[in-house]
Amino acid sequence: MGTFLFDSIVFGPVKSRRLGVSLGINLLPTKQKICSFDCIYCECGWTNSMTTSDFPSASQVELSLESKLIAMKESGELPDVITFAGNGEPTLHPEFTSIIDISIALRNKYCPTAKIAVLSNSTLIQNTNIFNSLLKVDQNILKLDSVFPETIEILNQPLFKVDISDIINNLKRFSGRCTIQTLFVKGTFRGKTIDNTTETEVNAWLKAIQEIKPKDVMIYTIARETPTDTLHKIPLSTLHGIARKVESLGIKTQVSG
């Protein structure tokens, strides 16, 4: 169970399964995961809190990102995408909206062809400022692992009450200007079985996808160590079968195993 934390504000670039050459931005502390979910598959391990006094400041993020982009430009190795990810949920940062504006300005200055992406678990998209900031980036990639509250409770373990109907309704407000990401997995946790690839799960999830009408859907499974050793990868053949059902709705998919 070799989970890890990112040890800097800017990390990489790394070759992302879904995004290409990605320069990462971690808006969370380097010694603690901060998230509104405690997903049982998270490569960063377990969540202890969804708040801290140790967020990096907007000015620290700006300095770190600009320094890295200058170095990459000088070496002729600019990123395909600047990705907000890291040790938890990036939209929890109290200066998230300002940091997005700063990052867009730096991207435009140093690598105008690069995209900006945010990986989010969708729990704060009801916040108007966060919602509007996500609309500014090229790829707001928003989690929807299941539409069943009982599955979300086991798989994502929210740290506060989550209403999945509200999340779906807020995802619909993006009017197609979002990407849905879903991790499919099987296993057990604390004596309960987890499998979001069943016909019941997938059909209900597909109905939500049809209502949300995202520009595309990212379908994947675990690829790294997880906090618990009772989970299993989903075969690529199964993932591609789910992808074909999404594509039958006229929505593009990306699959990675």
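Begin by selecting serine 49 and the residues around it: beyond its neighbours within four places in sequence, serine 49 is in contact with Gln32, Lys33, Ile34, Cys35 and Leu159. The model on display is a predicted one. Serine 49 sits in the loop that runs between β2 (20–26) and α1 (58–75). With a relative accessibility of 18%, serine 49 counts as buried. Display its side chain together with the backbone of threonine 51: the serine 49 side chain reaches the backbone oxygen of threonine 51 at 2.8 Å.

Next, select cysteine 42 and cysteine 44. Are these two residues buried or exposed? Cysteine 42 is buried, at a relative accessible area of 17%, and cysteine 44 is buried as well, at 7%. Why is there no bond between their sulfurs? The closest cysteine sulfur to that of cysteine 42 belongs to cysteine 44 and lies 4.5 Å away, which is too far for a bond; a disulfide would require the two sulfur atoms to be within 2.5 Å. Cysteine 44 is accordingly in no disulfide, and the count of disulfides comes to zero.

Now move to the nonpolar interior. The largest nonpolar core has 77 residues, and Leu144, Trp205 and Ile219 are those with the most contacts inside it. Select leucine 144 and show what surrounds it. Not counting residues up to four places away in sequence, leucine 144 touches Ile164, Ile168, Ile180, Gln181, Thr182, Trp205, Ala208, Ile209 and Ile212. There is also a second, separate core of five residues, and Leu19, Ala117, Ile141 and Met218 are among them.

Both Ile219 and Met218 lead to the next selection, strand β9 (residues 216–220). How many of the five residues of β9 are buried? Five of the five are, so the strand is largely enclosed by the rest of the structure. Colour the strand by face. In a regular strand, side chains alternate between the two faces of the sheet. In β9, Asp216, Met218 and Tyr220 lie on one side, Val217 and Ile219 lie on the other, and both faces are covered.

Finally, add the strands that pair with β9. Which strands are these? Strand β6 (residues 179–183) runs parallel to β9 and is joined to it by five bridges. To inspect one position in this pairing, select threonine 182, whose bridge partner in β9 is isoleucine 219. Strand β11 (residues 252–256) also pairs with β9 in the parallel sense, over five bridges. Here, select valine 217, which stands opposite threonine 253 in β11.

How values were computed:
Residues numbered from 1 in each chain as written. Predicted model: local features only at pLDDT ≥ 70, side-chain atom pairs only at ≥ 80, totals over all residues. Heavy atoms only, no water. Buried < 20%, exposed > 50% of the residue type's maximum accessible area, 1.4 Å probe, protein only. Helix = DSSP H or I, 4+ residues; strand = E, 2+ residues; numbered from the N terminus. Polar contact = N/O pair within 3.5 Å; in protein donor to acceptor, adjacent residues only side chain to side chain. Contact = heavy atoms within 4.5 Å. Core = buried A, V, L, I, M, F, W, Y, C linked by side-chain atoms within 4.5 Å. Pairing = 2+ DSSP bridges.
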